[in-house]
Amino acid sequence: MTITKVPLLDLTRSDAALLDGLRGAFERVLTSGQYIMGPEIEGLERECAQFIGSQHAIAVSSGTDALVLALMALGVGPGDEVICPTYTFFATAGSVWRVGARPVFVDMDPKTYNCDAAHVRAQITPRTRAIMPVHLFGQCADMDPLLALAAEKGIPVIEDAAQAIGTRYGDRGAGSMGAFGCFSFFPSKNLGCLGDGGLVTAKDANLAETARIMRVHGGKPKYHHKVVGGNFRLDPLQAAFLRVKLPRLPGWTDARRRNAAAYEGLFRAAGVVASDPVAVEPGSIGLPVRVRDHIYNQFVIRTPHREELKAHLAKHGVGTEVYYPVPLHLQECFASLGHRRGEFPHSERAAAESLALPIFPELAPAEIAYVAERVVQFCKGSGR
Ligand SMILES: *Cc1c(COP(=O)(O)O)cnc(C)c1O
């Protein structure tokens, strides 16, 4: 079969193998009559806590709401500052803004795309109320220095682990190391539901209980409110779907890693990988350095000719995406923070040069070879 197109992501391929299980989950919820909370939610929370290696897990309505709920449970609000990367998905800083606090941005480590403790330390002030590292694209941030810094300053860590379910840091799971870990079940994440969903993990029983209460308007007992929460519940139907998928996640992660290794092997064999992953010359691509565990929610390459490469791949039927074209300090909605272009050079450059290639688990080796060939063809000049 000749390949003529490769999508960035095709969810129907993984779901096809699960149709019976998903239909069974639907039947189970349909005949239970329980459409809010209940055993499916409790089951999912138990299974996720165990998988992630966290004491407590609280299923919520989305990854964004997981971040908002964690911030609310820590009492972060107006006048407070939260340190987070500028090169990340919008929700990381958007959630800080939504609780009334100020996002304080840090640049990324240009080799791993994650934030590091030295940048964070430089931004700590008496108003810093949380540190929010993101395990970007699925690679674990270097947590020990961040955790040590946070402990030294007495500031809680909220891990944005939306792209990192199952990533390990030594013997600990991403999302299990901070006061809270926040996960997303958005369909394009490594574990996705059939709609929106998320999860908060917590280390401390009291904080977990606060988050649980705030998930349902902050009422405990019901209709008696000491605090104001929101409606951050996950649907039991989504929980039931996720419980069908969770056992498959380790196998999917292995496949993503195999796909990433295949791309890297093909690119290296063709001699198009730049020796310096940051200073990428025309005719070559940069690969982020993998120094810690990675589950490849995204496989990202970089080139100074990103728009041309994207167009070249599109012409050959290859789906790609830019994560993320505008770093958060330059977003219009944050203009009042007073940031300027040039302030976070590594992030700004990554935003201009990064391109995500198809990496989903069910890709065939021939599809990976097809994508790699088109990238190599572009680098060698025949695609431009
Ligand atoms: C996806 C994502 C979120 C938000 O998750 P949703 O479920 O889409 O609300 C937050 N942070 C990061 C880094 C993400 O990738």
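Which residues lie nearest the centre of the largest cavity? The structure is a predicted model, in which local features need pLDDT of at least 70 and side-chain atom pairs count only at pLDDT 80 or more, while totals for chains, interfaces and linings use all residues. Residues are numbered from 1 along each chain as its sequence is written, and side-chain values use heavy atoms, without hydrogens and water.

A cavity is a set of points, on a 1 Å grid over the protein atoms alone, where a 1.4 Å probe fits but cannot get out; lining residues have an atom within 4 Å of a point. One cavity of 30 Å³ or more was counted. The largest cavity has a volume (the space filled by probe spheres set on the points) of about 120 Å³. Its lining has 14 residues, and Pro288, His294, Tyr296, Gln298 and Val300 lie nearest the centre. Domain 1 (11-247) and domain 2 (249-379) both contribute to this lining, so the largest cavity lies between them. The domain bounds come from an automatic or database domain assignment.

An open sheet is formed by three strands in the order β3-β2-β4, with parallel pairing. Strands are DSSP runs of E with at least two residues, and helices are runs of H or I with at least four, both numbered from the N terminus; two strands pair if DSSP finds at least two bridges between them. β3 (102-106) and β4 (128-131) are the edge strands, each pairing on one side only. Strand β2 (residues 81-85) is joined to β3 by five bridges, and Ile83 has Val104 in β3 as its bridge partner.

How values were computed
On a 1 Å grid over the protein atoms alone, a cavity is a set of points where a 1.4 Å probe fits but cannot get out, and a pocket is an open set with protein on both sides within 12 Å along at least five of seven lines; lining residues have an atom within 4 Å of a point.
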